[in-house]
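Work through the following exercises with the sequence and the model side by side. Each task is followed by a solution in steps.

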Amino acid sequence: MDKKEVIFVLLNNFADWEGAYISTCLNMGVKPGCSIKYKVKTLSLSKDPISSIGGFRVLPDYDINDLPNDYAGLILIGGMNWFLPEANPIASLVKKAIAENKLVAGICNASVYLGMHGFLNHVKHTSNTLDYLKQYAGTQYTGEANYINDQAVRDNNIVTANGNAPLEFCREILYQLDAATPEIIEETYSFYKNEL
């Protein structure tokens, strides 16, 4: 079976820890012995190397002009650069993915970016706090009534999480992608969260 690609959208100075659990669970299987349904690829504004906040250098697989059509979803990893004008071209990729009912996930400031471009106005969602979201998302964000004060929220094909919730983000994405049975997803979440 061909594995579908899940595309991690990374900007320079991305928060490397926010995608670590989900990339591992997708690329290697949710737990040892599980079937592997997905493979992880990366995308940035160009194919030039980018660096994470923690100093990891990444050579993106794709840039904004060569994203393949047949992929399972976009996962936007946080970092301060989502607030810069240079990030604006990513919005067209997100819009297309949502229109095609593909997974779109954003954590921390990437969730704010989704709000900045109006993608959260009609779905349940979360972010770093409602006040923070409203402060940085601006006038395109009108979804306050759909805000849920929780670590991670999944509604339709959109997953959002605050910056302190990489494990909850991972869990909701695994559910959305049907990456394993609910029992295995919960067992994996509990193992990482509680070491049980």
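**Exercise 1. Two helices that cross**

Is the crossing of α1 and α5 left-handed or right-handed? Describe the packing of the two helices as well.

Solution. Note at the outset that the model is predicted.

Step 1. Locate the helices: α1 covers residues 20-28, and α5 covers residues 166-176.

Step 2. Take the geometry of the pair. The axes of α1 and α5 are 8 Å apart, and the helices pack at an angle of about 35°.

Step 3. Assign the hand: α1 and α5 make a right-handed crossing.

Step 4. List the residues that meet. From α1 come Y21, I22, C25 and L26, and from α5 come P166, L167, C170, I173 and L174.

Step 5. Consider the spacing along a helix. An α-helix has 3.6 residues a turn, so residues three or four places apart point the same way.

**Exercise 2. The sheet**

Give the order of the strands in the open sheet, and state which strands stand at the edges.

Solution.

Step 1. The sheet is made of 6 strands with mixed pairing, and their order is β2-β1-β5-β6-β8-β7.

Step 2. The edge positions belong to β2 (38-43) and β7 (152-155). Each has a single partner strand, so one side of each lacks a neighbour in the sheet.

Step 3. From one strand to the next, the twist averages 15°.

Step 4. Look at the hairpin of β7 and β8. These two strands pair in the antiparallel sense, over 4 bridges. D155 has I158 of β8 as its bridge partner, while R154 stands opposite V159.

Step 5. Turn to the connection. There are 2 residues between the strands of this hairpin, and N156 takes a positive phi near 55°.

**Exercise 3. Helices on the sheet**

Which strands do α2 and α5 lie against, and at what angles do they run?

Solution.

Step 1. α2 lies across β1, β2, β5, β6 and β8. Relative to β5, α2 runs at about 135°.

Step 2. α5 packs on the sheet and touches β5, β6, β7 and β8. The direction of α5 makes about 175° with that of β6.

**Exercise 4. Cover over two helices**

How many residues of α3 and of α5 are buried, and what packs against them?

Solution.

Step 1. In α3 (residues 109-116), 8 of 8 residues are buried. They run from N109, A110, S111 and V112 to Y113, L114, G115 and M116.

Step 2. The cover over α3 includes the strands β5, β6 and β8, together with the helices α2 and α4 (130-137).

Step 3. In α5, 9 of 11 residues are buried. Among them are E168, F169, R171 and E172.

Step 4. Packed against the buried residues of α5 are α1, β5, β6, β7, β8 and α6 (182-194).

Step 5. Check what follows each helix. Just after α3, G118 has a positive phi of about 80°; after α5 comes D178, with a positive phi near 50°.

**Exercise 5. R171 and the rings**

Which ring does the charged end of R171 sit over, and why does R171 count as buried?

Solution.

Step 1. R171 is part of helix α5.

Step 2. R171 has 19% relative accessibility, and it counts as buried because the cut-off is under 20%.

Step 3. Beyond four places in sequence, R171 is in contact with I185, E186 and Y189.

Step 4. The charged end of R171 sits over the ring of Y189, at 3.9 Å from its centre.

Step 5. Another charge is placed over a ring: K102 lies over the face of Y71, 3.8 Å from the ring centre.

Step 6. For ring against ring, the count is 5 aromatic pairs. Y21, F191 and Y192 make up one aromatic cluster.

**Exercise 6. A loop residue**

Where is A87 placed, and which residues does A87 touch beyond four places in sequence?

Solution.

Step 1. A87 belongs to the loop between β5 and α2.

Step 2. The relative accessibility of A87 is 0%, so A87 counts as buried.

Step 3. Leaving out residues up to four places away in sequence, A87 touches L11, N81, W82 and Y113.

Step 4. S44 is 43 residues from A87 along the chain, and their C-alpha atoms are separated by 9.3 Å.

Terms used: Residues numbered from 1 in each chain as written. Predicted model: local features only at pLDDT ≥ 70, side-chain atom pairs only at ≥ 80, totals over all residues. Heavy atoms only, no water. Buried < 20%, exposed > 50% of the residue type's maximum accessible area, 1.4 Å probe, protein only. Contact = heavy atoms within 4.5 Å. Pairing = 2+ DSSP bridges. Axes fitted to C-alpha atoms, helices over the stretch in contact; angles between N-to-C directions. Phe/Tyr/Trp six-rings, centres within 6.5 Å; stacked < 30°, edge-to-face > 60°. Lys NZ or Arg CZ within 6 Å of the ring centre and 35° of its normal. Left-handed = near helix turned anticlockwise from the far one by under 90°.
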